Amino acid sequence: MIYIAYVRIGDDEILEKALKRFKRQVEKEGIIREFKKREYFEKPSTIKNRKQKALKRKQAKKLRKTQGGKVY
C-alpha cells in the first residue's frame, strides 16, 4: 500500500505551521505506525499469538468494567 501525505503551503503561511499540519496528517493516516509494524518480518504464528493476547486483554478489561472494579 502506498501512502502519500502532502500539505499545500499558502503564500503567506509560515513553514513551521505547515510542517506541524504535515506531522498531524502523517500521524492521522498511521504511516509511521505502519512502517514500524512492517520494518521486520513477523512469523504468522507470532502475529496470531499477539492478536490472541490482545483479545484476552480486551475481554478482561471489558469484564472488569462490567463488574465495577478489580477482581481479586
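This is a guided tour of the protein shown above, moving from the whole chain to its helices and then to pairs of charged side chains.

**The whole chain**

Begin with everything displayed, and keep in mind throughout that this is a predicted model. If you colour by secondary structure, you will find three helices and zero strands, and reading along the sequence gives the pattern α-α-α. The protein is more spread out than a compact globule, because its radius of gyration is 20 Å, well over the 11 Å that the globule rule gives for 72 residues. Turning the model to look along its principal axes, you can picture a box of roughly 60 × 35 × 15 Å that the C-alpha atoms fill.

Next, switch on the surface. The accessible surface comes to about 7,700 Å², and 57% of that area belongs to carbon and sulfur atoms. Buried residues make up 7% of the 72 residues in the protein.

**Helix α1**

Select residues 15-29, which form helix α1. This helix has 15 residues and reaches 21 Å from its first C-alpha to its last, close to the 21 Å expected at 1.5 Å a residue. Just after α1 comes glycine 30, where the phi angle is positive, at about 75°.

Two residues in this helix are worth showing as sticks. Arginine 24 is found in helix α1, and this residue counts as exposed, at 53% relative accessibility. If you draw a distance from the C-alpha of arginine 24 to that of isoleucine 4, you should read 14 Å, although the two residues are 20 apart in sequence. Glutamate 27 also belongs to helix α1, and with a relative accessible area of 63% glutamate 27 is exposed. From its C-alpha to the C-alpha of isoleucine 14 the separation is 20 Å, the two residues being 13 apart along the chain.

**Helix α3**

Now select residues 44-67, which make up helix α3. Helix α3 has 24 residues, and from its first C-alpha to its last it reaches 35 Å, close to the 34 Å expected at 1.5 Å a residue. Glycine 68 follows α3, and its phi is positive, near 80°.

**The charged side chains**

Show the charged side chains across the whole protein: 24 are positive and 9 are negative, and the centres of the two sets lie 17 Å apart. Side chains of opposite charge can pair when their charged atoms come close. How many salt bridges does a search of the whole structure find? The search finds three salt bridges, and you can visit them in turn.

Start with glutamate 13 and arginine 21, which form a salt bridge whose closest N and O atoms are 3.7 Å apart. Glutamate 13 counts as partly exposed at 21% relative accessibility, and arginine 21 also counts as partly exposed, at 32%.

Move on to arginine 38 and glutamate 34, where the closest N and O atoms of the salt bridge are 2.3 Å apart. Both residues lie in helix α2, which covers residues 31-38, and they are four residues apart, about one turn of the helix. Is glutamate 34 buried or exposed? With a relative accessible area of 18%, glutamate 34 is buried, because buried means under 20%. Its partner arginine 38, at 62% relative accessibility, counts as exposed.

Finish with glutamate 42 and arginine 50, a salt bridge in which the closest N and O atoms are 3.0 Å apart. Glutamate 42 is partly exposed, with a relative accessible area of 25%, and arginine 50, at 40% relative accessibility, counts as partly exposed too.

Note on methods. Residues numbered from 1 in each chain as written. Predicted model: local features only at pLDDT ≥ 70, side-chain atom pairs only at ≥ 80, totals over all residues. Heavy atoms only, no water. Helix = DSSP H or I, 4+ residues; strand = E, 2+ residues; numbered from the N terminus. Rg over C-alpha atoms; globule rule 2.2 N^0.38 Å. Buried < 20%, exposed > 50% of the residue type's maximum accessible area, 1.4 Å probe, protein only. Areas by Shrake-Rupley, 256 points an atom, 1.4 Å probe, with all protein chains shown as cover. Lys, Arg positive; Asp, Glu negative; His and termini not counted. Charge placed at Lys NZ, Arg CZ, Asp CG, Glu CD. Salt bridge = Lys/Arg side-chain N within 4 Å of Asp/Glu carboxyl O. Expected span 1.5 Å × (residues − 1).
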